[in-house]
Amino acid sequence: MVKTIWALMDNRRGSVSQAKGILNALNPAEFNVVEKNIEYTRFSGLPNWLRGRTLVGITAASKNQLTQPFPDIVLSISRRTAPIARYIKKKSPATKLVQLMHAGSAGIKEFDLIVVPEHDKNKKHTPNMHYIIGCTHQVTPQYLQTARQKWQEAFANLPRPLTAVIVGGAIKKHPFSAENAAALADAVKRLKSQIGGSVLLTTSRRTGEEAQKIIVEALKDIPQYNYLWGDTRENPYSGFLALADNIVVTGDSVSMCCEATGSGKPIYVFKGQNWLTKKHERFVQSLLDNKCAALIENADANFRPQKSLNAAAEVAKLIEKMSEEQ
């Protein structure tokens, strides 16, 4: 029997991408996926213990989507969608709840499965938690093949090997300093001096203007295709993952690092100095311990990963097993 799963999609792009990775990994013959687009009001910022099992904090249009018949499973993708999932459970006790990422202690026992990154293990553990390395993502062989076909001509004239350099930046109270930007660029130059070839460079809003200028200036003599923050062309990010021979990625972004490992390419992570939070430090260490990546600071050009991360498929299997038990 086909099961219906509601995915509570909100305006958190990272969370939506992670959720889509799981949904894409589900067997379409077994699941009818319905995405519910949730829009918030100013009351969504209230703590979850206060929002409780209600629809407080979402718009009337969003509420109108959440009516009978209720689904077999709800996928809650962020802290703010957790009260909505609990509301559905109150209305439909038979509905199973899956929470992507830890949503706090309010109503935690009501969820049948909570998917938590290993680097968040310091949070209170409950039996319904399942730990994964990093986060779920959408980078699969099919994703890479589609991107390869779309972007291969754009990079065809660049000397190989191609090194994708994917740059994040500031994390809350941890700015991406000029010193770290220079250190990242120097590390990339050292790697390219060993292997030659070109660079596929992309930066983000969090990189900052000064850091971006430093990196661009330092790498200007290396053949490259770049897509910098503010560029209005189509984003070639998927093509970078698909066509690069190796990838350098900054350790501030769990999603970017996990997506990079999904490519199956050699991954080099940049840690920098006095920048990453303790949580990010734990995450990067887990990549190193599992031989998914190496540090760019002392890059070995011969490094080959022993594992790629596909937590989306792992979580999809847990959901499929849960549905069989209903």
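**Reading the labels in this model**

Q: Where does Q212 sit in this predicted model, and why is Q212 called buried?
A: Q212 is part of helix 7, which runs over residues 209-218. Its relative accessible area is 16%, and buried means under 20%, so Q212 earns the label.

Q: What makes the pairing of Q212 and T203 a polar contact?
A: The side chains of Q212 and T203 come to 2.5 Å. The cut-off for a pair of N or O atoms is within 3.5 Å, so this pair qualifies. T203 also appears among the residues that Q212 touches, along with T207, L228 and W229, once residues up to four places away in sequence are set aside.

Q: Why is Q145 called partly exposed?
A: Q145 has 35% relative accessibility. Buried would need under 20% and exposed over 50%, so Q145 falls in between and counts as partly exposed. This residue belongs to helix 5, residues 141-151.

Q: What joins the side chains of Q145 and R148?
A: A polar contact of 2.8 Å joins them, and since the limit is 3.5 Å, the label fits. For another view of Q145, take S323: the two are 178 residues apart along the chain, and 31 Å separates their C-alpha atoms.

Q: How do you know whether T163 is buried or exposed?
A: The relative accessible area of T163 is 0%; buried means under 20%, so T163 is buried. You will find T163 in strand 7, residues 162-166.

Q: Which residues is T163 in contact with, leaving aside neighbours within four places in sequence?
A: They are L191, K192, I195, S198, V199, L200, N246 and V248. With N246, the side chain of T163 also forms a polar contact of 2.6 Å.

Q: Stepping back to the whole chain, why is the protein called as compact as a globular protein of its length?
A: First, the parts: there are eleven helices and twelve strands. The radius of gyration is 21 Å, and the globule rule gives 20 Å for 326 residues; the two are close, so the description holds. The C-alpha trace spans about 60 × 40 × 40 Å along its principal axes.

Q: How much of the protein is buried, and what does its exposed area consist of?
A: Buried residues account for 54% of the 326 residues. About 15400 Å² is exposed, with carbon and sulfur atoms supplying 49% of that area.

Methods
Residues numbered from 1 in each chain as written. Predicted model: local features only at pLDDT ≥ 70, side-chain atom pairs only at ≥ 80, totals over all residues. Heavy atoms only, no water. Helix = DSSP H or I, 4+ residues; strand = E, 2+ residues; numbered from the N terminus. Rg over C-alpha atoms; globule rule 2.2 N^0.38 Å. Buried < 20%, exposed > 50% of the residue type's maximum accessible area, 1.4 Å probe, protein only. Areas by Shrake-Rupley, 256 points an atom, 1.4 Å probe, with all protein chains shown as cover. Polar contact = N/O pair within 3.5 Å; in protein donor to acceptor, adjacent residues only side chain to side chain. Contact = heavy atoms within 4.5 Å.
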